[in-house]
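Colleague: I should be grateful for a close look at the aromatic pairs of this model, and at the parts of the chain around them. Please take them in whatever order makes the picture clearest.

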Amino acid sequence: MTKKFVYSFKEGKADMRSLLGGKGANLAEMVHIGLPVPMGFTVTTEACLNYYEEGEKISDEILEQIFKALDELEKENGKKLGDPQNPLLVSVRSGAAISMPGMMDTILNLGLNDESVKGLASVTANERFAYDSYRRFIQMFGNVVLGIEHDKFEAKIDSVKAKRNVTQDTELTAADWQEVIKLYKELVKEETGKDFPQDPKEQLLMAVEAVFKSWNNQRAKVYRRINKIPDTLGTAVNVQTMVFGNKGDDSGTGVAFTRNPSTGEKKVYGEFLMNAQGEDVVAGIRTPKNIAELENVMPEVYEQFAGVCKLLENHYRDMQDIEFTIENGKLFMLQTRNGKRTAQAAVKIAVDMVKEGLITKEEAILRVSPDQVVSLLHRRIDPAAKVEVIAKGLPASPGAGSGHVIFDPDEAEELGNQGQKVILVRTETTPDDIHGIVMAQGVLTSRGGMTSHAAVVARGMGKPAVCGCDAIKIDPEKEEFQVGNLTVKKGDMISIDGATGQVILGDVPMIDPVLSDEFKELLGWADEVRRLSVRANADTPNDARVAREFGAEGIGLCRTEHMFMAVDRLPVVQEMIMSDTKEEREKALEKLLPFQQEDFEGILEAMEGLPVTIRLLDPPLHEFLPNAEELITEIAELKAAGNTDELEKKQSMLKKVRSLHEFNPMLGLRGCRLGILYPEIYAMQVRAIFKAACKLTKRGLKVEPEVEIPLVGHENELKIMRDLVEKTAAAVLKEEGVKLDYKIGTMIEIPRACVTAGEIAKHADFFSFGTNDLTQTTFGFSRDDAEAKFLPHYINEKILIDDPFIVLDRNGVGSLMKMAVKSGREVKNDLMVGICGEHGGEPSSVEFCHMIGLNYVSCSPYRVPVARLAAAQAQLKNK
């Protein structure tokens, strides 16, 4: 049986989207529900794929089916393509299965030539309309099919307008358009070496082939990459009888949405033009009118159109984006599709449609993407603002901010405390910079990736960050950076957009986030559905309070090292590191204990009644000391100044820094290895946790501390550390006379821990996947180096589909996680398992965590609503 590659609109159906493309399926569906649709046929996506399989050639089988469909269309219309008496004209449009608006090509008025244009003029009694239509066809065909630059055609029109001393296209006469056509045909001959094709069937096949080719044009490929649309789908081609909105004052064309796509208001929203073709509305040549004015211009047509809008929205149960044409007072529907909308509109429309009885709560949950939720929670740049983009980096933390450029974190803190808005600009940030980040409006770095220190810290604080912006060349001595020929100095005003990675010169208008009642209601429905619990990564009492406001059900990761970086604590931490004996270390640790206890009290109190997982010290000790280069510079300056007291201290610190130096610190002396070598450090932290918990318990508060041991790879490591925690906790509880339930577990972040999870589970009450490090150790990637050097190339070349530090690698890292969950629960069937890496707030990763049976995900406070929605969607998609 011959394979069917071409379907008339009467043969297609809405559920044939993958074959007919979105546009073709919707046109067929509109025909089925009785709407006034100009008839036509669809050449399928399979024909497009066949075209590429055949070496970019339309097969004879497909040609035969196209001409058969054309013959039937001609009979239905009583007109023939290219007929010099009464010509049939068609549009040729692309239509992929997944909407890609504006990415591929369209040709209108196909079928016109030097003879049929006369027939069109005669049958319409409108010579100007006929020749205007012909010049439009040559211009679109010349650009899309023949590859001639659009501006070259515009230059020809401009020359005729200048000769006639007019400024508007509408002022040109039929004779003027005939002159334009002559110039256009000369341009085609000049550019291609051939005459403009006069055979309508040749025109049709060239146009179909051009649409197939547009599937692989550069903008379509980029759009697919950004929106994660597979390259293997292909595009359909829709050949549709032309109707004309430019026949006179009783004709027109327009584009409308059944609801406001910006606000979600239930009111038809759109624009139209009388005596115009479709491209005039979007091209900006004439100013369109508000769709509401159509009621005054053509009341009967408007009433019919409003009825069609209601019918389509009820039929598709979603907001529709509609294209229409009015020809000689008669309404025709050219397209309908689910309309693109802002995040605010998406939420309002989904909730309103539940209340209107159009969709269920479950459908409403699936209608709003978690990525849209991200934009609702952060300030953003006013889309109406004109901005000067000077550079682009990685969109590392969403939101937008403006401020004066500051290169020093101390100065950023000082100015921030004075109420000034600053953007902290660094080559890359370290834990030493955290006080500056706290007071800045946002962070811009020239190095580092999406999971660099700056990115992770900024996301945790809900601040915008643009990282890895290597276009900016920072000169810390001069306190300025350069982008090309532009120099931006300290104090100059810039803005950053953490959602797009854009760096913008000057202050720009911002829109503050507003959490609508509909948004809160939608999240409430999500909470009723989801199985996964959602916790937050929070290191301060304020982070914990924000997380709780956003609906967090506990803290899945509290990083104690961030507490060591405060200005009043860092010197004590450095004193502890510089100690040569255990006694000296314990003396310094005693000074740190009250600070740690105070921190834990604040966090546990903010999360009263909810679990709080506190990770003991994880990074290597050298991170709390200045780097060797800085110290060498300071020592040279002190020698020159003759400052011997300070000199000796700095020389001693340099010696310690060098002794702590490691070739690969990520795999060196850190995590539980540090606790095993220096148990007094972990003992101090455990004492602080339990003293804080006891104090709050005596006040009548319910607290649930969970002590987490980082970087465990062997059961003996956890066994030793669990013993230390239990003995220290028992001593504190006895001292305080308090009874308290608590848990001890580990972060699973290296492959061996996953492979031997059954052995490790014997000593653990819970597992928490640290997928940032697990991804690094599984791939053998250093994340900052990978994202700065080769990962973008890997993504562009599709070696990897996604950045594995952003979207969890299900096949590799995910397989290890599944193994760990399975073997861990074989030993303890009630083993609690969660995830606390940044993947905990990424929708695809949340879905995977649901699928493998995790108990909770944990993410930065500002991504908690994202995770709540993603967890509900995971439940609905994977019942």
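**Aromatic pairs and their surroundings**

Modeller: The count of aromatic pairs in this structure comes to 15. The model is a predicted one, and the description below should be read in that light.

One of these pairs brings Phe 129 and Phe 244 together in an edge-to-face arrangement, with 5.0 Å from centre to centre and 80 degrees between the planes. The two residues lie 115 residues apart, so that the pair links distant parts of the chain: Phe 129 belongs to helix H5, whereas Phe 244 sits in the loop between strand S7 (235-241) and strand S8 (252-257). Is each ring buried or exposed? Phe 129 is buried, with a relative accessible area of 2%, and Phe 244 likewise counts as buried, at 5% relative accessibility.

A further edge-to-face pair is formed by Phe 153 and Tyr 184, with a centre-to-centre distance of 4.8 Å and 80 degrees between the planes. This pair also links distant parts of the chain, joining Phe 153 in helix H6 (residues 150-164) to Tyr 184 in helix H7 (residues 174-192), 31 residues apart. Phe 153 is buried at 0% relative accessibility, and Tyr 184 is buried at 0%. Elsewhere, ring pairs join Phe 779, Phe 781, Phe 790 and Tyr 794 into a cluster.

Helix H5, which carries Phe 129, merits a closer description. H5 covers residues 127-144, 18 residues in all, and its first and last C-alpha atoms are 26 Å apart, close to the 26 Å expected at 1.5 Å a residue. Of its 18 residues, 15 are buried, and H5 is therefore largely enclosed by the rest of the structure.

The nonpolar cores give the wider setting. The largest contains 151 residues, among which Phe 690, Ile 709, Phe 767, Phe 769, Met 817 and Leu 854 touch the most other members. Helix H26 (residues 679-698) supplies the largest share of this core, with eleven residues. A second core, separate from it, has 86 residues, including Tyr 134, Ile 148, Met 274 and Phe 305.

Ile 709, named above among the core residues, leads to a group of parallel strands. Its bridge partner in strand S30 is Thr 746. Strand S29 (residues 704-709) pairs with S30 in the parallel sense, over four bridges. Between S29 and S30 the chain passes through helix H27 (residues 715-736), and this β-α-β crossover is right-handed. S30 itself (residues 743-748) is mostly covered, five of its six residues being buried. Strand S31 (residues 766-769) also runs parallel to S30, and four bridges join the two. There Gly 745 stands opposite Phe 766 in S31.

Finally, the cysteines. How many disulfides does a search of the whole structure find? The search finds zero. Why does Cys 694 form no bond with the closest cysteine? The closest cysteine sulfur, in Cys 558, is 17 Å from the sulfur of Cys 694, which is too far for a bond. Cys 694 is also buried, at 0% relative accessibility. Cys 309 is buried as well, with a relative accessible area of 2%.

Key: Residues numbered from 1 in each chain as written. Predicted model: local features only at pLDDT ≥ 70, side-chain atom pairs only at ≥ 80, totals over all residues. Heavy atoms only, no water. Core = buried A, V, L, I, M, F, W, Y, C linked by side-chain atoms within 4.5 Å. Buried < 20%, exposed > 50% of the residue type's maximum accessible area, 1.4 Å probe, protein only. Expected span 1.5 Å × (residues − 1). Disulfide = S-S within 2.5 Å. Pairing = 2+ DSSP bridges. Right-handed = clockwise from strand over helix to strand, strands pointing away. Phe/Tyr/Trp six-rings, centres within 6.5 Å; stacked < 30°, edge-to-face > 60°.
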